[in-house]
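User: Please walk me through one part of this model in detail, starting from a single side chain and working outwards. I'd also like to know where I should be careful.

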Amino acid sequence: FKLSKMIGTVLQDADGQFVGLTVGEDIAFALENDNVPTAEMHSRVKKVAQMVEMHNLLTSSPYELSGGQKQRTSLAGVMIDDVEILLFDEPLANLDPATGKTAIEIIDDIHQKSLKTVVIIEHRLEDVLHKSIDRVIVINDGRIVADMSVHELVSSTVLSENGIREPLYITALKYAGVNITSDMQPGYITTLQTEFSRKALTTWYNAIPSDTRRNDNPSILKVEHVFFSYDGTRKILDDITFDICEGEMISIVGRNGAGKSTLVKHAIGLLKPTNGRVLVEGNDTKNMSVAQIAHTLGFVFQSPTHMLYAPTVREELEFGPKNLEFEEVEIKKLVAASVSTVNLKNFEEYPPLGLSFGQQKRTTIAAVLAMQSKIMIMDEPTAGQDYSNYTHFMDAMCRPVNGSKSLVAANFAATLFITHDLDLAVTYANRILLFGDKHIVADGRPEDVLKDFDLLT
């Protein structure tokens, strides 16, 4: 309790931090405990809620929010108290790029105005570097392996040696054959001295061939003119139509609350369209149970605690195949292969809910992998994952088809993943669905969709 008056913490799992019945109550919790007068409390709650763009949702339940909205509510709950140290445990994990940028700006603004000490634990290093920071501390195997400035760090081999993703522009410079030194001030894209590397970058960029192949495989999941509303009045999905063919690796991107998770819940039958229809292998999901759909489509939820219940990781992974009536020998093989794919060997007898958030997430991915569904859908697969871990399971799930370079999930006819990590989308997807407000505003190759800055904004 004494430490809580000095250190404000935003937890990695937002659900574990909520105490109020509404967003407003949750933000006000610390003020209520400090006996702050009601009028002042309301004023301070509104001010902080506006800073994190939650002022229009003050009467909503925290548990009904999207992952990014939950994160912002947690952030507001900590910011409202006047503590000396602010500790953020992966504050960007569930935020879209624009909101993540705003979150870093908010944190930086608090730091500049209050001179409070700020500590950020984060895998998305490049997003944190939107604003200047004093030091980066790199930890591996329980030890500090580096403590240096950003310029020194990104021009060294520390990040790659410790399985951490370097900023994407640094990777591009390396592909172009540029030798990166701290004199180039490479720590931030805004300070990077490019005059010595411009020619190399241009030569490399112009040499990249354009991929013009088309996917003419049969459709496996079809969404036709889907409309949906939870309350019958406010539309969440508004005339959504698209087709998924065999062999596709699709990334669904869009801001928090745009309707991405609601859309994929229609595919697995948890929600039924208000109007329109969803066809899985030609069958209307309105006429199918969730269990029937699970034979074709496996789904990894955004929050792992929504999926985990078994006493051990092994039993968690065995549950799906047993219900799908797989043979015992086959189940053992599938569990072993899934555990290896997500890098959880030697954790088979651990209780899933006793694992870290990242390990819990990988357990849920392994559980769906073991079911051998035809279509794999993952909601924020890299949340809580370091670069080394997520590339391990993403690479293991992807393989060339018939000698081509197009990626498709191994053992799956098609794979979809919802992500705010555009680097992940660029690296693995061969098609991107860009969600606007309730609509799909773009559908195409990553290099086509993601180069339209106005559309992204």
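Analyst:
**Starting from one serine**

Once neighbours within four places in sequence are set aside, Ser-338 is in contact (heavy atoms within 4.5 Å) with Leu-317, Ala-366, Leu-369 and Ala-370. Bear in mind that this is a predicted model, where local features need pLDDT (the predictor's confidence in each residue, from 0 to 100) of at least 70 and side-chain atom pairs count only at 80 or more, while totals for chains, interfaces and linings use all residues. Numbering runs from 1 along each chain as its sequence is written, and side-chain values use heavy atoms, with hydrogens and water left out.

Ser-338 sits in helix α13; helices are DSSP runs (H or I, at least four residues) and strands are E runs of at least two, both numbered from the N terminus. With a relative accessible area of 4%, Ser-338 is buried. That word means under 20%, with exposed over 50% and partly exposed in between (Shrake-Rupley, 1.4 Å probe, only the protein chains as cover).

Now look at α12. Its buried residues are Val-313, Glu-316, Leu-317, Glu-318, Gly-320 and Pro-321, so you'll recognise Leu-317 as one of the contacts of Ser-338. The cover over these buried residues includes α13 and α14. Just past the end of α12, Glu-325 takes a positive phi of about 65°.

Zoom out a bit and you reach the largest nonpolar core (buried Ala, Val, Leu, Ile, Met, Phe, Trp, Tyr and Cys joined through side-chain atoms within 4.5 Å). Among its 34 residues, Ile-365, Met-376, Met-378, Met-394 and Phe-417 touch the most other members. Elements giving two or more residues to this core include α12 (313-323), α13 (328-341), α14 (357-369), β12 (375-379) and α15 (387-397). The largest share, 5 residues, comes from α14. As a general matter, nonpolar side chains in soluble globular proteins tend to be buried together.

Met-378 is a handy place to stand inside this core. Beyond four places in sequence, Met-378 is in contact with Val-300, Ile-365, Met-394, Met-397, Thr-415, Leu-416, Phe-417 and Ile-418. A second core of 32 residues lies apart from the first, and Leu-237, Ile-293, Phe-299 and Leu-433 are among its members.

What about charges? Counting a side-chain nitrogen of Lys or Arg within 4 Å of a carboxyl oxygen of Asp or Glu as a salt bridge, the total comes to 20. One of them pairs Lys-235 with Asp-238 at 3.7 Å, N to O. Its two ends differ in cover: Lys-235 is partly exposed at 40%, whereas Asp-238 is buried at 17%. Another joins Arg-135 to Asp-147, with the closest N and O atoms 2.8 Å apart. This pair links distant parts of the chain, from the loop between α5 and β4 to strand β5, 12 residues apart. Arg-135 is exposed at 52%, and Asp-147 is partly exposed at 40%. There's also a network of salt bridges that links Arg-165, Asp-421 and Asp-423.

Finally, the careful part. The protein has a mean pLDDT of 88, and 97% of its residues reach 70 or more. Residues 400-409 stay under 50, though the model has 25 contacts beyond four places in sequence for them. Where pLDDT is low, predicted coordinates shouldn't be read in detail.
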